[in-house]
Each structure stands twice: as structure tokens, then as C-alpha cells.
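Good morning. Please have the model open while I talk, and stop me if you lose your place.

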Amino acid sequence: MAEFIKYCKGNTYNDIHGSSVEEGLLHFFGCLKFSDRAEFLGSLQGTEAKNKLRLRITGELARTAKLREIFEAEGLNTESGKLLKSFQATLTQRFPGPRSQAPQELPQNVPASQDPTSRSENLEDKIMEAVLGDLRANVIYFKKKSKEHPPAPYDHPELEDTFPNQRVPLSLLLEENPERNPLMWKCEEGMIRYFHIPANNMSWIEEAIARYYNEKKPDLHGPYRKPRQGVQESKTRMLLRPQFWLGLYHGDRPDLPTHTRHMHHENTVPKPKNLMLFMPYLHWETDRRRLKSAEILKRHGLAKWSPFSDVVGNAADPVVETTMDRENSDGLLENITTRNRSRRPSTSLAKITHQSKPQRQTLLGRLLLKAAALFEAMDGFADEKLVEKHLSKKPPLHPRRTLDQSYYWTLKDTCSRDRDQVVYRGTAPNPKLLHFGCKKDDPKRDKACSQCTENVKKVPRVVMVDQLWMWILDENTVITSFPKRWGRNKPDPSAVQKCIRTRLRAARVDEVRCAYDLAMIILDQVSRVFFDRTQPTDLQPQVIDSFANAIGKVTHKQTIAFDHFWECTRLVSKGYNSRDETAFTSVKKWQDTLLDINPEGDLLREIKDILDELFIMTLIKTQQETVIRTFVKNCQRLQNWDNPGDADNRSDKSSPMLSPIKPKQGRMSSLTTVPYLTLDQQYDPEDVNWTKICARELLDNLGDQVLELQSLKNAAENTSVALKDLLALKQQQAGVVEARESVKQGEESLRQGRSIMLFTIITIVFLPMSFFTGVFGMNATNLTGSNAPGLYNWGDIFRFMVPISAFIITCSLLLAFSKLVRAFLSFWFNIGWAWLITSTPAYIRWRETHLNSKKLAEEETKIVNRMKKKALQVEFQRKEEEMARQEAMLKEEAMRQNPTSLQGRIGGLVDGDVEMGVRLR
């Protein structure tokens, strides 16, 4: 593709372009003007590479034209139609003049599925034709050149492209056409075929297997799940019996979320020459595309099948304004207006739409934003329509699941848990480092700061759990089905199907000798997505490294927390043992630090999340182990291996994590009870031995992966135990602090008790004296012996004193110990006080002042601050006047001493020359 450089205006073409078809496609749509595209397209003739690129470009133009036709037909009824209308209006506004058009001519060899002219007049049929034409099924062939040679890669002449990149439209693979459908072609002797369906759609699987056997698709979900009497059972129905198909389907109830749908991990032999398996595996997705898919699934799944109460509960709460009176801190009523909004946090996708209004948006900025939104809509069009059409169909589509959705399948919404994944936190920008306004703070800055540049480059990603569905039919045809990532127009080197094709391209000539060898290569590539460091990283997260880094960070913080704990303990002990009274202030501060368990609690929660995710990943690996072990044993039975269990024995010795599957008590192992099958095909001993070697390597690789996860889990558990020990030490330290405080309070209580005892003794001594002084100090006639008027005798005095004292004591006791008396008095007092203030305008006037304790405190603070500020200003003015007087005195003194150098001396004094000031003095 080096000759394409003359059409690129940049001088750095080799830095951004390569020699692949994808790079040439990028050059056509990204570098060339519309006026130059026709000339470039016309030059793509002569060589095979040019013809391939020309076919790819015309196919992409046809796809774009078809999507434009669909968006225009949908109009304002869909978001895509609205977006297209808005983009066209903005484009006309930005470029009002005539524009060059893209080349409309199509070569004669464009496949019919890529032709923009639709074969159907119905819009729904057009959409499904576009979806099925957009999705491609990979087809790979191996064929023996002769009986003595092993199967070698084979380029089928009826298919475009070469091994292993031959593909057909999915609509063609499901079409009942024996002449065009590769599934319905007869498999030649010595040939191995591999077909891949890019979605876990049960309906497509049933259709594909029916096409393989050249039969009608059976109705496995209707009232007649079994053939009627007298009707011979078809091979498709035999292969998809309930125990091998619908019986393994989990999550078929309509009240369950869509992410509960999955096939139970299993490997069985439905027919002597057939094998089938369902196995989960780990993959990844960007957070934005995951949110987009979750929004589409919620729109077409939960809201459609949930009960009415759940739908109402998921609806947004309206904004309601209410006015109410309540008591403030002073016991007065105040008028309050409240606005009730939805209390649930929004988890919807922050989409790029034509309604987005960023600040300082120019016309070109709006055009580019809408172009990006339109590209995103085109990119996910096929996936969105696939979900809309097949999610609620019977049999349904199985969507992708996140790591938490695969384990906590009863939760209806796991968005918060998904964004708490270790991989998400490791790939997303740190919220503490996010900041805006870099150019605003420094207008002369041309570029953003390095931190902003680094944050922009980060793409948050999450771990997903997908499923591999595989059928080996008649020992010569392999059919697989697993989902791809959301969207189409993107290079995806880390896609599982891409990894399988890369592995088959690099395989040795004799590495695939039978269908079971091909199946083992597929299983190996599927199970090692995150464990193969040799794959192109691209945006693929390094999951194992992310977990190791997360555990290392927590361990480092835990070590720092331990050191800080012992330092605080030392300082507290030193402060307690010190005789300095001022040391108790710092002791209190360090004591509060020792009693704070929030930092350790956050670390423990983080390490628990890591352990939880590692447990789920290990569980998935365990399920893979079960499926692969069963698959190896089934291969052993079908190929009549001489040494049963040989593939397991070596793996068990080399990998202690993969323990052999032991038979249950009372029932012998299937390998010993089930006799070997006698099949028509006889395998070469060398081929059987090679299959054994492949099985051993597959099990060994799986054992290494489990050991790697187990090592991470052990490191995380050690950190968790250390954090628990630290929390236990803090609890023990809290007990020590409490004991010290108790001793301190006990000593204080003892001192107070001694003081009270001293006062009690003094009171006891002087109480009789006070009593006798009060009694004998009365002017009673019995003491004075006088009968003067106004004097009383003892009897009259005690007749008044005793009842009054008894009444006062009784009332005091009632007020102290009777709730009824207090409530009765409070009732009448409050009613009387309320009647008094409401019968006069005093209450209204007080309400109009809006005074309360908080406002008075704020006003007090303002007045005090003004007074302090005024005092500081007066002091500052006084000091300025004093400095001015001193400067004037220095000037006068300098003038008297040396009038000629006055100016230089004053300048030196102003500049802060200390030595000159000393000489002036």
C-alpha cells in the first residue's frame, strides 16, 4: 500500500498508516477529500491487494448508504433518525455551498448482502437484512491433500478472502439454500470445517444446526415439543433434546433480569459422533459501551417483562414542592419550602447526542460532536437492533454479563458494583486527580497540563463474563458461538475470534489433525484471554497486573498504617508517663488517631472487594476445568485411547490445583463403566497420541492460570489478615485507653469525694449551731420574758412554721418525682403563655423579625469581626504613621550630614540596604 502515500497530504504517512487493508480503509475515509476519493478508488485495480481494498471500501460505502436510508426512513421516531436530521441541518449551516459527493459507483463483484438497494419494501425487513448482512460468520477449512498427509489450511474457492479470514454474511449461513449456504455443502473426505456465529442467540443455533442436517427448524418451544406418533424424529431434534439444550438454559422466567440468562456449564455426548459443551470465560469491555448496552437491554428487557410494581418503582420521581411549618432550635415555628426529587442516583449513560450543550460551543464543535454521535449510532446499530429483535424472542438472545452479574444474578442493577471493579479503578482516571480550568488559570498556556492529558487518554474498562457454545458434529464440523464486543467499526486485536484465527495462522502444518485438535485450540484461546501476555494489548486491560497492583497498593498502605499505629502508641505512652501538664493536649490528639478505624476499614473493604472478584474469577476457572476435563474424557472414549486417564495424570502431577474428578461412592467412574464406542472412523495412533499431547498442554495451561489466580488470592488474604490484626490491636488499644480514662476518672472521683467529705464534716459541726442560733434568736415571749405587742410565743411560731415547711417540701418532692404534676403544670403554663402572646400583636411582630439563635450568633460573629478588623486597621495606620515619622527623621538627619548624597542614600534605604541604614545612623 505504499503507493497510496501520494494521496495523503501529510508528510508523516508512514507514522500513522500501514500496509493492511484496515489502514487503507482508514486512509480512504480519514485522509482523502470527497473530490479525491473517486480517483483513489479508480486506481485500485490490477493487484490482489488493491482489489481486496477496493472491495472493502465499496462494501463500507454500501453499508453507510443502507444505514442512511434506514435512518432517513425512521425519521424522528428514533434517536438515530433525529440525530441524522440534526447532523444534516448543522452540516448545511456550517457549509452552505455545494459539496462534493462520495463515489457512487460500485464494482460488479460486490456481494448482494452489501448492495445498498434493499430487496424488501418493509422497513423492519430492511433493518433485519442490514443487521444480518452486517454480521459476519467466520468459516475456516482444513483439508487433506492425500490420505497420507494431515489436514492443511484450505482456501475454499466459493468464498472470498483466504485462510483463516474467509467469512460469509450471517444471513447466508442461516438461509435454506443448499447452493449458497456453506453449512449445507457436503463435507468432503479428509476435510475439517469450522463455523462461528458471533452471538449467543439460541434461535440462530437451532437454525444453523437444522441447515447442517438439511432439515426444517423444529419447534422446540411450542406445545408439541416431541414429534407426534408416527413421525420420525429429526436429527436436529435429537441433537437439541431438552437434556442437552433447553434443560441447561437458566434464567427463562420473565420476572428475572436479562443478565441471568446463561447455559449451565456442561459437556455431553448427545450422539455417538457428536459433542457439545457450554463454558464460561472472561473477557472485557469499555465502560462506555457497557453502559450503552445496559441501557438498550433495560429498554427492551426489564421494563417490558417486569411486574407493574417494579416498573412503577423504576420510574423517576416527579418534582414536588411542599410548604410546611416546623419548630426551629428556639422552639418557634418557621416556614420551610422543600423540593422532593428522585432519590436514586442516575446510572444512565452520558451519551453523545445532538442535544448536548457544552460550554463555549462553536458551530464546528457542534458539527464534530454530532458527527461523533452519528458514528456511534452507526457503530452500534446492528447490536441495538439485534437486542431489540431477539432479546424477548423465544428462544431468546443471551446478552453479555459483567463479572458481578454472572455471580450476583439476583440483583437487578449492578452498575455501582461494576464501577467498583479493580480493573475499572485501575483504568479510569483517579477522581482525586481530576481538575478543570487549566487554561483558565493560565491564559497563555497553549496545552493542557500533563495530568489532564493523561486523564484524557485513559479509557475505563470492566471485566465481562461470556459463554462459549460449541458443537462437534460428525467428527468433521465444529460450530461455535460466543458474543463479540459492542459495536462493529473498530479494530479489535484482542477479540477471541481474532485470537483463534491468529493462532490457526501460526499453527504448524500437522497441528490440526482432527476436529478435536481444532476444538482444543479454540478452548485454549478462549480460556487464556487475560493470561496470554503475547497478545496485542491495544485497549485490552492487563487484568492480572491490575489485581497485583491493587493488592500491592493496599499492602503498602497497610504497612504504613502499622507503622503509624506503633508511632502513635509510643507517643501516647510517652505523654502519659511525662510529668509535663502540657503534654496531655498532644496525648489527646494521638489518642483520637488510635481510636479512628475508618482508614483501616476502607482498606479492609477494598481488599474484600478484591477477594470477591478473585473468588468469582477462580470459580469461572473451576467451571472451565470441569468442562475441559469432561471434554478430554469424552475425546478419550470417542478415539479409544489406550491409557485411560493419561491426559489427566500428567496434569494432576504438574498442577496440584487440578485434582482429578473422583467417582462418587456407590457408583463407578464413567470411564470404567461405559465401554469404548465402536465408530466407523478409525484414528491413526499418531493422531491419537497428538490429541493426548494437546489435551495435556490444555490442562497444564489451565492449571497455571488457576495457580496464578490462587497466588493473587493468597496475597490478598494475607493483607486482609494483617488489616484484621491491626483493627484488633486498635480495639485492644481502645480498651487500654478506656482503662486509663477509668483510672483517671476514679482518681478524680476520689479527690472529689474527699472534698465533699470535708464539707460534710464542717456542715455537721456547724448545723446544730445554726439550728440553735436560728431558734433561740427568735423574739419569742418565752425567751425574752416580755409581753410587748407583736411578739409570739413558741406555740404560735411552730403553728405557722411546721405546716408551711411541710407544704414546701411536699411540692418540691412532687415536682421532682411526679411526671403527671410536671406535665399538668407545663400544659397550663404553655396554654396560658400561648394565649397571652397570640392575643396581642407581639407574636406577629416577632415573626416578622425572623430572629433566632442562629441568626443572633451569626450577627454576633459579624459584629465582633468588624470590631476586630477596625482595631487592626487602627493599629496598622498607627504603625504606618510611626514608620513615616521615623523615615522623615532619617531624611532630615541625612540631609544635615551629607546633602549631596541624599538621593543615593534614600534610594538605598528604600531598596532595603541594611548597611546603608546603619551608616546613616
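I will go through the backbone, then the salt bridges, then one patch on the surface.

One caution before the details: this is a predicted model.

Let me start with the backbone. In general, most residues other than glycine have a negative phi, and most peptide bonds are trans. With that in mind, which residues does a cis peptide bond join here? Phe-163 and Pro-164 are one such pair, with an omega of about -5 degrees. To find the spot, look at the loop between strand 2 (152–154) and strand 3 (167–169), where Pro-164 sits. Lys-394 and Pro-395 are also joined by a cis peptide bond, and omega there is about -5 degrees. Pro-395 belongs to the loop between helix 13 (381–390) and strand 11 (401–402).

Now phi. Asn-214 is not a glycine, yet its phi is positive, near 55 degrees. Asn-214 is in the loop between helix 8 (202–212) and helix 9 (235–239). Is Asn-214 buried or exposed? The relative accessible area of Asn-214 is 52%, so this residue is exposed, the cut-off being over 50%. Asp-474 has a positive phi as well, near 55 degrees. You will find Asp-474 in the loop between strand 12 (461–473) and strand 13 (477–481). Asp-474 has a relative accessibility of 30%, so it counts as partly exposed.

Next, the salt bridges. Side chains of opposite charge can pair when their charged atoms come close. How many salt bridges does the structure hold? There are 38, and I will show you three of them and then a network.

The first on my list is within a helix. Glu-60 and Arg-63 form a salt bridge, at 3.3 Å from N to O. Both residues lie in helix 4 (residues 48–74), and they are 3 residues apart, which is about one turn of the helix. Buried means under 20% relative accessible area. Glu-60 is at 10%, so it counts as buried. Arg-63 has a relative accessible area of 10%, and therefore Arg-63 is buried too.

The next bridge is between Arg-290 and Asp-418, whose closest N and O atoms are 3.4 Å apart. Arg-290 is in helix 10 (residues 287–305) and Asp-418 is in helix 15 (residues 415–418), so this pair ties together parts that are 128 residues apart in sequence. Both Arg-290 and Asp-418 are buried.

Then there is Arg-299 with Glu-384, where the closest N and O atoms are 3.5 Å apart. This pair links distant parts of the chain, with Arg-299 in helix 10 and Glu-384 in helix 13, 85 residues apart. What about the accessibility of the two partners? Arg-299, at 39%, counts as partly exposed, whereas Glu-384, at 17%, is buried.

As for the network, Glu-176, Glu-207, Arg-211 and Lys-216 are joined into one by salt bridges that share partners.

Last, the surface. Which residues form a nonpolar patch there? They are Met-757, Leu-758, Phe-759, Ile-761, Ile-762, Val-765, Phe-766 and Met-769. Together they have about 820 Å² of accessible area. One of them, Leu-758, is in helix 26 (residues 685–776), so start from that helix when you look for the patch.

That is what I have. Questions are welcome.

Definitions and conventions: Residues numbered from 1 in each chain as written. Predicted model: local features only at pLDDT ≥ 70, side-chain atom pairs only at ≥ 80, totals over all residues. Heavy atoms only, no water. Patch = residues over 30% accessible without salt bridge, like charges linked within 9 Å, V, L, I, M, F, W, Y side chains within 5 Å. Areas by Shrake-Rupley, 256 points an atom, 1.4 Å probe, with all protein chains shown as cover. Salt bridge = Lys/Arg side-chain N within 4 Å of Asp/Glu carboxyl O. Helix = DSSP H or I, 4+ residues; strand = E, 2+ residues; numbered from the N terminus. Buried < 20%, exposed > 50% of the residue type's maximum accessible area, 1.4 Å probe, protein only.
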